[in-house]
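Good morning, colleagues. I should like to take a few minutes to present one protein, beginning with its pockets and then turning to the overall fold.

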Amino acid sequence: MKLIIVLFSALSVAACSPTFNSDPAPTPSPSADFQDLIQGPNLEGEWQSACSYVSSEDAYHLKSLSIKGKDVVRVDSIFTESSCRIFLKKLEDKGKFRWVKTTTYGGYQVEYRFSLGLGSYSIGKEELLVEGNQLYLSDFHVGFGSIDKSVALVKVAGAR
């Protein structure tokens, strides 16, 4: 009889125990806390480089950058020959960007949140410089001498 009372008491306590929802808390949008820290220039539209040789890879690259609002798509298409027709591979990053600070040489530091899929993202930084109608990227390098002016991107005709 005592065993039945002990079991009944244990079941009663378990029934009154608090339960916890195992659902994870909602994750805020990656852009919710990703506001500009400074005002940068309007670069909205499509930008593209000419086909250029990268000796360290023994390949030719065609870079493009597409900006619409805070959305950015950064593509590095790699080819085997100088006319950029025989495709080898493409490196593409999609996500959000924000203006972080100005540089001492008149450029800007930007920060990216690139989507990795399934709600995950990576954070990257880059410097860029606008001179006239040309845009130079630092290829994810930040700091002294990061801008290589040998590869300029220009706005694609007809793009906004």
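What is the volume of the largest pocket? In this predicted model, that volume is about 420 Å³. The lining of the pocket comprises 23 residues, and those closest to its centre are Val54, His61, Lys63, Asp76 and Asp139.

Let us consider where the lining comes from. Four strands each contribute two or more residues: S2 (52-54), S3 (59-68), S4 (71-79) and S5 (87-102). Which of the elements gives the most to this lining? It is S4, with 4 residues. As for chemical character, the lining divides into 9 nonpolar residues, 7 polar residues and 7 charged residues.

I now turn to the protein as a whole. Its secondary structure consists of 1 helix and 9 strands. Along the sequence, the order of these elements reads α-β-β-β-β-β-β-β-β-β, with the helix preceding the strands.

How much of the protein is buried? Of its 160 residues, 31% are buried. The accessible surface amounts to about 10,600 Å², and carbon and sulfur atoms account for 58% of that area.

Finally, a word on contacts. If we take the contacts between residues at least 6 apart in sequence, 36% of them join residues at least 24 apart.

To recapitulate, this is a predicted model of a protein with 1 helix and 9 strands, whose largest pocket has a volume of about 420 Å³ and receives 4 lining residues from S4. Thank you for your attention.

Technical notes. Residues numbered from 1 in each chain as written. Predicted model: local features only at pLDDT ≥ 70, side-chain atom pairs only at ≥ 80, totals over all residues. Heavy atoms only, no water. Buried < 20%, exposed > 50% of the residue type's maximum accessible area, 1.4 Å probe, protein only. Contact = heavy atoms within 4.5 Å. Areas by Shrake-Rupley, 256 points an atom, 1.4 Å probe, with all protein chains shown as cover. 1 Å grid on protein atoms, 1.4 Å probe; cavity = no way out; pocket = protein on both sides within 12 Å on 5 of 7 lines; lining within 4 Å. Points joined across faces, edges and corners; volume = space filled by probe spheres on them. Nonpolar A, V, L, I, M, F, W, Y, C, P; charged D, E, K, R; others polar.
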